[in-house]
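Work through the exercises below with the coordinates open. Try each task before reading its solution.

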Amino acid sequence: MSDREANQDDSSKKKAKEAADEQESRAKAEDRETREQTPTSSEKSLTPKERDTVAEHGGLTSLTLYSIIHREGEEELQRPIISLWWSGVAAGIGISTSVLVEGIIRSNLGSTHPYLTLIESLGYSSGFVLVILCRLQLFTENTITVVLPVLAQPTRNQFYRTGRLWGIVLAANLFGTFVTAAIGVHGGILTVETLTAILDISRHLATLTPAETLLRGIPSGFFIAALVWMLPSAKRSEVLVIVMFTWLIAAGGFTHVIAGSNEIFTLVLNGEMNFFTALIYHISPVLIGNIIGGTGLFAMLAYGQVHEEM
C-alpha cells in the first residue's frame, strides 16, 4: 500500500470514528432529554405550573457546569496576546489588594490581637473579589478553565495554545504584582504602619521552605479551581462564595502564587531578598503546587466525572 493510500485509509477511519462519537453523544443527549421530560412518581401529582417550579429550582448538572467552563476556556484561548497581557497585568495589580487590606487590618488591630489571623484573612479575599468579578486574567483560574478544552481534545495545537496563554498570563500577573510592590515600598503612598505590617506578613511567608510552599500550594490550587467550578451555580452569591474559599486559603496558611508574589517582591524591593532567590525558592514551588492542585487534581476529577456522559 502506498503512502497516499495509507493516509487516505487513516483519514477515512478518523472520519468514521468522529461520526460514531458524534452519534453516540447525540444518543446520550436524547436519553437525558427523555429523562427530563418524563415526570417522576411525585411529579405526576403536580400541576404543570408546579412542575415548572420544580424545573426552575433544579441545580445545574455536572455536565452543564463542565460545558460552561469549557466554553469559557475556548473563548480565552482565542483572545489576542495583547488582550491577555493587559488583562493579566490588571489582575496582578488587583490581586495585590489582598496584601494591602491585610496590612491595613494588621496595622489597626495590632500584631498581638488574639484573633488577628482569622480577621486579617478576610482582607485577603478582597483582591480575589476584585479580580474575579472584573473578569481579569488570573493564572490560577486558568489551571482549570483552559485545561478542559485540552482534556476534551488533546491535540498539539491545543497544548500550544494553552502553554501560550499560561506563559503570557503568568508573566503579566507577576509584572503587575511587582509594579504594585514597587509603588508600595518606594511610592510613599502607604503609611509607615501599613508598610511595616505588609513587611511582617511578607517575612512570615518567606520563612517557609520550598517544599512547604509547594505542598501548601496544592490546596490553594484546588480551592481556586473549585471556586471557578462553583461560580456558575452561585446564583447571586458570588461574593460570598469567593470570600469563603479565599479566606480559607489565607486562614489555613496555604500559598497562592500570584498573591504571594506581591509579598515576596515587597521583600525584594525592600532589599531583604535577591530576585533570583525570590523566583527559584519562593515563587516557583508555589506555582508548581497550584498547578498540581488546580490541573492535576480538580480539573482531572471534573473531567473524569462527566467524560462518560458526553
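Burial is graded by relative accessible area: buried means under 20%, exposed over 50%, and partly exposed in between (1.4 Å probe, protein chains only). The model is predicted, so local features need pLDDT of at least 70, side-chain atom pairs count only at pLDDT 80 or more, and totals for chains, interfaces and linings use all residues. Residues are numbered from 1 along each chain as its sequence is written, and side-chain values use heavy atoms, with hydrogens and water left out.

**Exercise 1. Fold inventory**

Task: state how many helices and strands the protein chain has, and what percentage of its residues count as buried.

Solution.
- Step 1. Take the DSSP runs, numbered from the N terminus: helices are H or I with at least four residues, strands are E with at least two.
- Step 2. The protein chain has 14 helices and zero strands.
- Step 3. Of its 310 residues, 41% count as buried.

**Exercise 2. Annotated spans**

Task: find which residues UniProt lists as "transmembrane region", then describe residues 164-185 and residues 214-232.

Solution.
- Step 1. The unreviewed UniProt entry lists 84-105, 164-185, 214-232, 239-259 and 279-303. UniProt positions are given in the numbering used here, feature names are shortened, and annotations may be inferred rather than shown by experiment.
- Step 2. Residues 164-185 are 100% helix and 0% strand, with end C-alpha atoms 32 Å apart.
- Step 3. Residues 214-232 are 89% helix and 0% strand, and their end C-alpha atoms lie 29 Å apart.

**Exercise 3. Aromatic pairs**

Task: characterise the ring pair Trp 85 and Trp 86, then the pair Phe 222 and Phe 223.

Solution.
- Step 1. Set the criteria. Rings of Phe, Tyr and Trp (its six-membered ring) pair if their centres lie within 6.5 Å; planes under 30 degrees apart count as stacked, over 60 as edge-to-face and the rest as tilted.
- Step 2. Searching the whole structure gives twelve aromatic pairs. In one of them, the centres of Trp 85 and Trp 86 are 6.5 Å apart and the planes stand at 75°, so the pair is edge-to-face.
- Step 3. Check cover. Trp 85 is partly exposed at 25%, whereas Trp 86 is exposed at 52%.
- Step 4. Phe 222 and Phe 223 are also an edge-to-face pair, at 6.4 Å centre to centre and 75° between the planes. Phe 222 is partly exposed at 28% relative accessibility; Phe 223 is buried at 17%.
- Step 5. Extend the pair. Phe 222, Phe 223, Trp 229, Phe 245, Phe 254 and Phe 298 make up one aromatic cluster.

**Exercise 4. Salt bridges**

Task: which parts of the chain does the Glu 72 and Arg 135 pair tie together? Treat Glu 74 with Arg 161 and Arg 203 with Asp 200 in turn.

Solution.
- Step 1. A salt bridge needs a side-chain nitrogen of Lys or Arg within 4 Å of a carboxyl oxygen of Asp or Glu. The whole structure yields six.
- Step 2. Glu 72 and Arg 135 meet at 3.9 Å, N to O. Glu 72 sits in helix α3 (residues 62-77) and Arg 135 in the loop between α6 and α7, so the bridge ties together parts 63 residues apart in sequence. Glu 72 is partly exposed at 23%; Arg 135 is exposed at 53%.
- Step 3. Glu 74 bridges to Arg 161, with the closest N and O atoms 3.4 Å apart. This pair links helix α3 to helix α9 (residues 156-186), 87 residues apart. Glu 74 is partly exposed at 25%, but Arg 161 is buried at 13%.
- Step 4. Arg 203 and Asp 200 meet at 3.2 Å, N to O. They are three residues apart in helix α10 (residues 192-206), so about one helical turn separates them. Arg 203 is partly exposed at 34%, and Asp 200 is partly exposed at 32%. Salt bridges with shared partners join Asp 200, Arg 203 and Glu 272 into one network.

**Exercise 5. A buried polar side chain**

Task: locate Asn 142 and find which side chain its own side chain contacts.

Solution.
- Step 1. Asn 142 is in helix α7 (residues 142-145).
- Step 2. Asn 142 is buried, at 3% relative accessibility.
- Step 3. Its side chain makes a polar contact with the side chain of Gln 137 at 2.9 Å. A polar contact is a pair of N or O atoms within 3.5 Å; within protein, one must be able to donate a hydrogen and the other to accept it, and residues adjacent in sequence count only if both atoms are side-chain atoms.
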